[in-house]
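Here's a quick tour for anyone meeting this structure for the first time. Have a look at it, then read on.

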Amino acid sequence: MSAIDPQMLKGLITLLLLWLVDEREDYGYALVVRLHESGLTDIAEGTVYPALARCERAGWVEPHYVPSERGPARKYYRLTKAGSDELTRSLSSWNHLSGLVSSITSKGT
């Protein structure tokens with residue numbers, strides 16, 4: 001299978017992070033691991049942390065610190081009401097766009 005175009009993925013990282021945080025509260029590195037386990041192995045920490053910071057600034061996630069058995073407390077993220085609304089909006093937009101692309105690319109095949 002070919003690599004995923006980074007530009008396409010860049011447009012979806014917020015949707016993916018909001019989805020994962022909605023599933024369960026998590027910290028940055030664990031979100032990277034979950035993305036990798038889902039098959040998105042090309043996503044780097046350097047992509048995830050700035051996206052989480054943008055989500056936090058937008059008010060879509062809120063951080064809280066959880067003590068760690070090893071090392072300093074971890075910064076976990078939870079979805080806010082605004083984040084839930086954005087997730088719904090983004091998912092609807094993605095489903096619409098992917099349906100259009102599928103419709104166009106399936107013509108004649």
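Which residue in β3 is the bridge partner of Asp26? It's Tyr77. Keep in mind as you go that this is a predicted model.

## The sheet

That pairing belongs to a bigger picture. Strand β3 covers residues 74-79 and runs antiparallel to β1, with two bridges joining them. Together with β2, these strands make an open sheet of three, in the order β1-β3-β2 and with antiparallel pairing. β1 (26-27) and β2 (61-66) are the edge strands, and each has a single partner strand, so one side of each has no neighbour in the sheet.

In general, strands of a sheet pair through backbone hydrogen bonds, and they can do so parallel or antiparallel.

## Two helices that cross

Now for α3 (residues 28-37) and α4 (residues 45-58). They pack at an angle of about 125°, and their axes lie 10 Å apart. An angle over 115 but not over 145 degrees counts as oblique, and α3 and α4 are therefore oblique to each other. The crossing of α3 past α4 is right-handed.

Who does the touching? On the α3 side you'll find Gly28, Tyr29, Leu31, Val32 and Leu35, while α4 brings Glu45, Val48, Tyr49 and Leu52. Sorted by type, the contact has seven nonpolar residues, one polar and one charged.

## A look at Thr14

Helix α2 (residues 13-23) is home to Thr14. Is Thr14 buried or exposed? Its relative accessible area is 18%, and buried means under 20%, so Thr14 is buried.

As for its company, Thr14 touches Cys55 and Trp60, leaving aside residues up to four places away in sequence.

Key
Residues are numbered from 1 along each chain as its sequence is written. This is a predicted model: local features need pLDDT of at least 70, side-chain atom pairs count only at pLDDT 80 or more; totals for chains, interfaces and linings use all residues. Side-chain values use heavy atoms; hydrogens and water are left out. Two strands pair if DSSP finds at least two bridges between them. Helices (H or I, at least four residues) and strands (E, at least two) are DSSP runs, numbered from the N terminus. Axes are lines fitted to C-alpha atoms, for helices over the stretch in contact, and angles run from 0 to 180 degrees between N-to-C directions. Angles under 35 degrees count as roughly parallel, over 145 as roughly antiparallel, 65 to 115 as roughly perpendicular and the rest as oblique. A crossing is left-handed if the near helix is turned anticlockwise from the far one by less than a right angle, and right-handed if clockwise. Contact means heavy atoms within 4.5 Å. Ala, Val, Leu, Ile, Met, Phe, Trp, Tyr, Cys and Pro count as nonpolar, Asp, Glu, Lys and Arg as charged, and the others, Gly among them, as polar. Buried means under 20% relative accessible area, exposed over 50%, partly exposed in between (1.4 Å probe, protein chains only).
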